[in-house]
Each structure stands twice: as C-alpha cells, then as structure tokens.
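Hi everyone, thanks for making time this morning. I'd like to walk you through a structure, starting with a helix and then moving on to aromatic rings and a pair of helices.

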Amino acid sequence: MPKGRLEYLKRLLPFLQNQSEDCLYLNVFSPVYAATAEKKLPVIMFIHGESFEWNSGNPYDGSVLASYGEVVVVTLNYRLGILGFLNANPSPQIRARVANYGLMDQMAALHWVQQNIAQFGGDPTSVTLAGHGSGAACINFLMTSPTMVPGLFHRAILLSGSAYASWAVVDDPVVYALKLAKELNCTIPSDLIKNHEQIVDCLREVPLEDLLSVNIQTPSYLSAFGPSIDGVVIRTGLSNQDPDELLSAGPSKRSHDSYRRYDLLFGVVTAEALWRFSNVDILNGFEGERRDKLIRTYVRNAYTFHLSEIFYTVVNEYTDWERTSQHPINTRDAAVSALSDAQFVAPLVHTGDTLAPPPALPGQEKSGPKCFFYVFDYQTKDGDYPQRMGTVHGEDLPYVFGAPLVDGFSHFPHNYTKAEISLSESIILYWSNFARTGNPNEHQRPDSVLAATKERNRFKSIVWDEYDPVHQKYLEIGMKPRMKNHFRAHQLSIWLRLIPELHRAGMEDVIGRHNLFKNHDNMDLYEGLVKPDSLSRLSLFEESYKRRNTNDSLPLGGITTMEPLSLTTCMPVANYSALSPTSAINATTDTLNSLEAAGYAAYSTALSVTIAIGCSLLILNVLIFAGVYYQRDKTRLEVKSLQKQYQQRGMSHQQPPFDPIKHAHYHLGHSQPSNVIVDVENHDSGTILLSNDIKSPHICSNSMQINTTGGCLQTKIPLSDSTPFKSTRNEHVPMKNTINRTTNTGYTGSGMMTLPKPVSGVVQQTSQMSAYRGDTCLTLPRKTNTASLSLSNAGNNGKCFTY
C-alpha cells in the first residue's frame, strides 16, 4: 500500500475503535439559528464509503459544511460486512428474501429524517443523499430500488462510486456464505433452495467475535459481503445488470420517468485507483509485465467471456505506441488510468448517462431533473501523496467538508494554503446550492472567510453547464476551473461500448474453454487473488451436495445458463444462476464433455467448409489462367499466319515483308491540305519505294501511295544506292481519267504532285543519278499550278529529274 494511504488509515483508525451490531445511529449538524428560523434549511445526508465491510460515519464532521453552506448535515452508521450483506439464497428470483440489511438501514435513516429533521431546522421536502465510494454505490442502488418509497429523498450526489462497478455488487454471495458456515461448523441443508435460511439462523447464534475472526479471502477488485440480488431491495435488472433494459420494459416495470426523478450531481478524481498500488510501484514505476498481471487479474475477476480479447483490447488502448521504449513511470501511469477508468470513472459516467435526461430538442426548453458532472483535478500541497501523481480517491472529501477553512480536523490533512481555502469555499457553495435548488450555480453567499481575491473570482465567473449523454459537459475543478466536455472519451468508449460487445457468450456450440486465458490456471500470470473460472465455479458446491438425491426436481429458474444479459456498460455480467447448483452439479461432467464434443464437431465442420471453398477458388483460378494463356497463344498464331500471307504476297510482287507498324496513313507535311496523304500499305497499285536507310520525321518508309484531288497519281519509283536511275528522256506520268502525255514539257493537268527543286530554273534530267542519301527524307507538297513532279536529292542541287 502507498505511504500516503497508510498515513490516512492511521489517522482514521481511532474513530473505528468501538464496533457493534447495534450501530444504527445518526449524527446531525445544524446551524445554531436553524431550529428557530422560520425558513427550513435543505438537508444533506452523507453515507460514508471506503468499504462495505468497515468504516463509520463518525469521522466525517459536518459542522463546517452546515454552518458555511447553511444546510443541515446528517451522517449515519449502518450495518456492514456479514451483518449487513450476508446472502445465502441461491434463487432470489424464485424465493425473494431480504439480504441487503445495510441498504435497509439507510432506508430507515431516511424515514427518520422525514419524521424528525424539522426539529433541527431541516426541510424534509428537500433531502439530498450524498455518498463517497461504496456509499455512492448504495445511493445508486436506492435510486433504482423498487422498495424505495418515493419522496424520501429528492437529489443525489455521487462521489467516485457507482452500482455498475465490479466491486459494487457481489456476483456469488452464496459461495461466501457457505464458506463462512463451513468455518463455523454450521449444518448445510441438503435442499439449499428451500432451506437456505437454516444457514442464516445458525450464523445468528454465533458470537460476533467468532464471525469477524473468520478469514474469508476475496478476489482482487471484488467484494465478498456487499450488496447482492436478493429479490427485494435489489432485483435482477434493477441494479448493475441493466437499468436501460428496465426503462424500456412493459407496464409491469416502473415508468421511464420514475427513474429520472432525482436531480443528480456526480464526479470523479483523476487517479482513483492509485491507492491500490504499492509504495514501490508509486515511487519507481514498473515494467509492462507487472502491468499485464494487474490488468489480467482484473479482467479475470470482473468478466466471464472472451477474457483474452478483453485483456488485449485494454492493453492496446493504454499503451503509448508513439514511444519506442516504455519508461516504468509511464507504464505505471497507464496502469493507474486503466484501473481507474474500469472501476470508477466508466461506471459512474454510465450512471450519469442512464439517469440524466436527454438534451432538449431545438426550440424546446429543457425540463425534468437536472444533472451535473465534475472532475476534481487538484493535489493538496501538503498532502499524503507526492505531487504530479494525480488526485487520489478521497482527496476531494476535505474540501467538501470544509477542512481547509478551519485548518483541518478529524482524519483529514492539515496546513492548507489560501488558494486551497478558496477552493474549499467554492466547493461548499456548489454543494449547498445544489442541495437547495438542484442547481450549483445559484445563490452566492455575500460574505466569505477570505476577502475578495483572484482565487475566489475564478469560480464566480464560471457557469456550470448541465450534463447530458450527448454533449457530456463537465466542470474541471482545480486552481483554474474551466468547463470541458467528453472526459476521457476514447478510453471510456472502450469500457462502455467495445468491451460489452466483446463480453458475450457467443455461439452455444463453442466450448467453454474458448473464453479462458491461455494457461488460465497458471497463477504466475496474475497479481493477487483470482476467482475460479466459470467452468469450475460449481466445484465449490460439490462437497456440500454429495448427499443430495440426483432425482430431485428443480424449478426452471434455478438452472444454470451461460447466456449473459445484454449490457451496454463496463459492468461484468454476474453469474447469479450459478447459485442454484442442484441439477447443474450432477451434470457438470456430462455437460462439459458434451460441450467439448459439440465444439470439436463445429470446428471440424467449419474447417471442412473452409477447405472446400479454398479448393474451389484454386481450381477456378487455374481455369482462368489456362483460358488467358490459350487466348494469348491463339492471338500469336493468328498474327504469325497473317505475316506469312503477306510475305507470300510480297514474294509474288517483290514487296518487302509486311510490317504492321507501318500499316498506317501519314499526312505529307504539316503545310499540306488534309486530302494529301500517304497510305503506307502494300497495295497492288503503284507505290513509291524509298530506300531502307531513309529516315525523316515526315516520311520514313519503304513504300508510299500518293493520292491527290481530282485524280490519282500512282507511280513506282525505285530509289536505291545500288541501282541508279537511268533514263535518256523526260517522261510524264499521267493521272487516271484526266491525264495527257507530252514529251518535253511538264504535265499541265491540275492533279499533278511536284517535288520542287530548292532553286527555281530549268528542270533537267541526268543520265546517271547518284544514290539517295539515307539521312534525307522526302516531303511532297501539292501545287495546283505546276505540271511536273520533281524529286530532288538534297545532296545534288544541280541535278533533278522530271516526269
């Protein structure tokens, strides 16, 4: 335990010396003028926390809160532990019996307040229940209990506690009752469902010292003797099981509005679970292995199904993946945040979401009860814990009861600063205003302990907005108070949204061991005591029920089921059905064997189907690949066949092989009309054959066909380096349909194409033409007023030939 926790308990211990079962007493703190004043003051009844098994209301002195806040403060004691919460009833749904005597004591105190508080100046029509920790969980139970008489209290203040926490309700109370009875030599009846009261009667005869001397070990993060389902004060679906389910139920249940008739103020501190760690952990931190042990222990004790999935989800969420190496201090802080959110913050936020009214629609005024949320984020300078550790569970109580205003009292710390005095003064005003009107912002006290300072002015300028499940606004209380929204939104969504979805039983034919950890029974994986797994819980009853007749009949309500209730919270499902073990014990082995066999069969079927689908997809892929490959070969063969045909035709016409790339049309020059084209094609008609070495951006091909408007000029001109062009005369090549042949003059038709010479003059023909150079290219412009076709060699300016 931390050093600060130890110092706190040392100061608290002197107030817990005198213990007795006759403990239902109240302490009333009232201003001196309240009894004679005409206007009655609001009443705040405080229910202490710390544990369901120990503590008292006596250490909490309400005199400062009563005098400064102008309210009447009541603290009370109620039965705790075995005396207050012993429950030996395995089937409360069938035979309801009162077992939550501690909650009944609190109801009795509320009845007393209604009858007598006016004598102390209190207003019985304005009673506010305030509780811390386990006391807040008790108030949460009373707010949703069908036994609670309407009008006994009107508002509630919940400090760091909720009925939805894992420690707030006992999952298997009969288990601990049987352990206690066995230790005290009480006879266990053969029919526990009908005769369970015999155990209670036997324990009533045992002296109190003997009862308290029995060492009942409780799993970590759980309670052995605390509130449980008894069918009277707490019913199935009326506590942590699922209030939402009740709110949407039929007319046999209470209406939706009846559960939202209380004004609510609730809040948490920033490091609720820090007191659960050792002093070495707080000072030095720890590595990830110890963090995993702590979280694994909590998951095993708080949940039943899919433990590995829940565990890895929590570890993943509270790991800083941006850091290459995790420092022990950072690992410790992450573990503190995880356990704080799981045990305190998320359950209390869910309580607020359940009991707070929804936001008003546009154009409508908000009506109904009011709800406010706060986060206390301040560490006392001269407190019990080192600075920068976060605010520890219970560190806000001195400021609520006004300890800084009188320099400390009772078990609270002493030596407060002026800023801390102002902080306490502001909190008292918030609490007393809420108890008076349901709104902490109203009623400002004209005088104060300190003169007007900047610390007090900080709170005067703050308007505390209401909380609703959508906007989730809250007041951050500290030296710099401010309004914020969605406290730890992402982390709380894990506990309130994702984990409840993971925590489901799954399919019925899945074996139960699927829900357990790997190496589930290896105690080296845990830190602290753990409860038995869900498959072996019934073993606790086997020894007690060896004598029971296996043919006894049981009502259906006592049969164990593995199907959990539908939850939307972080609260684990309580396996209350395991409390009726009569028929389940006799069939435990057969049931497990049948479940295991069914699980193997299910896995075998699923595996067969998976293999069949995989083989089908593989065959389909092979067929598709074969088809594509065959089509590619077929296309390749067709191309080769076409090439062979063109080669054969080329052999007969002395044409070069067919080149599919050159099988295209080209325009002759950028400046020519669009009707002058070159058709690069092996055609039976005349073509112009150029040398293979000719390369040009205009025409670089082995053959051309030239078409012109008004006729067609078809000519075949061989140009090669080895075969010079020889001619002794000028020849004119006529065009189809409209051509005439002359001898010494150019053709005068309008459809001629001319290859002009760069220098104007007489067009001559040589008897020998030099080879056409491979680095030149042919450009064929069209002219309508020229009747000659000239081909000029760029390398021989003085030579040309005309047709």
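A word on terms before we start: I'll call a residue buried when its relative accessible area is under 20%. Please also keep in mind that this is a predicted model.

Let's begin with helix α1, which covers residues 3-12. Which of its residues are buried? They are Gly-4, Arg-5, Tyr-8 and Leu-12. Those four cover an arc of only 100° around the axis, so they sit on the same side of α1.

Now to the aromatics. How many aromatic pairs does a search of the whole structure find? The answer is 33. One of them is made by Phe-52 and Trp-167: the pair is tilted, with 6.3 Å from centre to centre and 45° between the planes. Have a look at where the partners are, because this pair links distant parts of the chain. Phe-52 is in the loop between β2 (41-47) and α2 (63-69), while Trp-167 is in the loop between β5 (155-159) and α6 (173-183). That puts the two 115 residues apart. Are these partners buried or exposed? Phe-52 has 3% relative accessibility, so it counts as buried. Trp-167, at 8%, counts as buried too.

Another pair to show you is Phe-266 with Phe-373, and this one is stacked: the centres are 4.6 Å apart and the planes are at 10°. Phe-266 belongs to strand β6 (residues 263-269) and Phe-373 to strand β7 (residues 371-376), so the pair ties together parts that lie 107 residues apart in sequence. Phe-266 has a relative accessibility of 0% and therefore counts as buried. Phe-373 is buried as well, with a relative accessible area of 2%.

Rings can also join up into a group. Here, ring pairs link Phe-372, Tyr-374, Tyr-430, Trp-431, Phe-434 and Trp-464 into a cluster.

If you're fond of charges over rings, try Arg-296. Its charged end sits over the ring of Phe-311, 4.6 Å from the ring centre. The charged end of Arg-296 also sits over the ring of Phe-517, at 6.0 Å from that centre.

Last stop: helices α12 (residues 288-302) and α13 (residues 307-317). Their axes come within 10 Å and cross at roughly 135°. An angle that is neither under 35 degrees, nor over 145, nor from 65 to 115 counts as oblique, and α12 and α13 are therefore oblique to each other. Their crossing is right-handed.

That's my tour, and I'm happy to go back to any of it.

Key:
Residues numbered from 1 in each chain as written. Predicted model: local features only at pLDDT ≥ 70, side-chain atom pairs only at ≥ 80, totals over all residues. Heavy atoms only, no water. Buried < 20%, exposed > 50% of the residue type's maximum accessible area, 1.4 Å probe, protein only. Arc of directions from axis to C-beta. Phe/Tyr/Trp six-rings, centres within 6.5 Å; stacked < 30°, edge-to-face > 60°. Lys NZ or Arg CZ within 6 Å of the ring centre and 35° of its normal. Axes fitted to C-alpha atoms, helices over the stretch in contact; angles between N-to-C directions. Left-handed = near helix turned anticlockwise from the far one by under 90°.
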